[in-house]
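Here's a quick tour of the fold, starting with the whole chain and then zooming in on one helix pair. Have a look at the structure first.

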Amino acid sequence: MNLAIILAVFAIIFPAELPDKTALASLILGSRYRPAFVFAGVATAFAVHAALAVAAGSLLALLPRRPVQAIAAGLFVLGAALLLRGRRGHDQEHIELDGSQPGFWPVAATSFAVILAAEFGDLTQIATATLAARYHSPASVGIGAVLALWAVAGLAIVGGRNLLKIIPLTWITRVAAAVMLVLAGVSLAAAVS
């Protein structure tokens with residue numbers, strides 16, 4: 001392993017992931033569910049993607065883009081529907097962590113599935129594959145990429161949780177659902193274009 005390569009990959013992947021849809025999805029999930037549960041699913045999905053990118057190298061760019069985008073659109077619509085449906089009958093303004101939330105496995109699995117679909121064929125995955133081909137150091141590239149992705153996810157999840165201290169959950173839920181529907185539209189448009 002080469003520390004210089006790890007740091008170089010981190011420096012490239014971290015800023016590229018900040019404005020990405022997966023960071024937004026992590027923020028939304030983190031505002032809705034227990035952060036540790038969300039991070040477990042998100043971190044696992046990012047590790048899978050980094051491993052695939054390093055292993056497959058530039059071949060990931062050859063995957064059919066349209067089906068991947070269509071699946072991502074469907075998952076965003078499903079996420080929006082689940083967010084809106086989950087708010088019915090709840091009068092509380094802010095979420096309470098009293099055990100009434102879903103347990104670890106449902107939250108981690110949902111977080112994993114959303115990030116897995118949204119990140120597939122993404123810029124940072126392709127960049128990771130390219131860096132792996134360039135540096136010929138798969139372990140160093142993989143570690144640098146995973147650490148960068150985890151750092152962005154952690155920031156997004158904590159940011160989402162802190163957002164609840166200022167804005168009522170009902171508003172966040174409605175905005176999150178609207179954003180997910182917009183992302184579904186963008187993904188669907190990319191799939192049919």
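## The chain as a whole

A residue counts as buried here when its relative accessible area is under 20%. By that yardstick, 44% of the 193 residues in the protein chain are buried. Keep in mind that this is a predicted model.

What is the chain built from? The secondary structure comes to 8 helices and 0 strands. Read from the N terminus, the elements simply go α-α-α-α-α-α-α-α.

## Contacts and surface

Take the contacts in the protein chain with a separation of 6 or more: 93% of them link residues 24 or more positions apart.

As for the outside, the protein chain exposes about 9500 Å². Carbon and sulfur atoms supply 72% of that area.

## Where α1 meets α6

Now for the helix pair. Helix α1 covers residues 3–17 and helix α6 covers residues 123–135. They pack at an angle of about 160°, and their axes sit 10 Å apart. Angles over 145 degrees count as roughly antiparallel, so α1 is roughly antiparallel to α6. The crossing of the two, α1 and α6, is right-handed.

Which residues do the touching? On the α1 side you'll find Ile-5, Ala-8, Val-9, Ile-12, Ile-13, Ala-16 and Glu-17. They meet Leu-123, Thr-124, Ala-127, Thr-128, Leu-131 and Tyr-135 in α6. Sorted by type, the residues of this α1 and α6 contact come to 10 nonpolar, 2 polar and 1 charged.

Terms used: Residues are numbered from 1 along each chain as its sequence is written. This is a predicted model: local features need pLDDT of at least 70, side-chain atom pairs count only at pLDDT 80 or more; totals for chains, interfaces and linings use all residues. Side-chain values use heavy atoms; hydrogens and water are left out. Axes are lines fitted to C-alpha atoms, for helices over the stretch in contact, and angles run from 0 to 180 degrees between N-to-C directions. Helices (H or I, at least four residues) and strands (E, at least two) are DSSP runs, numbered from the N terminus. Angles under 35 degrees count as roughly parallel, over 145 as roughly antiparallel, 65 to 115 as roughly perpendicular and the rest as oblique. A crossing is left-handed if the near helix is turned anticlockwise from the far one by less than a right angle, and right-handed if clockwise. Contact means heavy atoms within 4.5 Å. Ala, Val, Leu, Ile, Met, Phe, Trp, Tyr, Cys and Pro count as nonpolar, Asp, Glu, Lys and Arg as charged, and the others, Gly among them, as polar. Buried means under 20% relative accessible area, exposed over 50%, partly exposed in between (1.4 Å probe, protein chains only). Accessible areas come from the Shrake-Rupley method with a 1.4 Å probe; for residues, only the protein chains shown count as cover.
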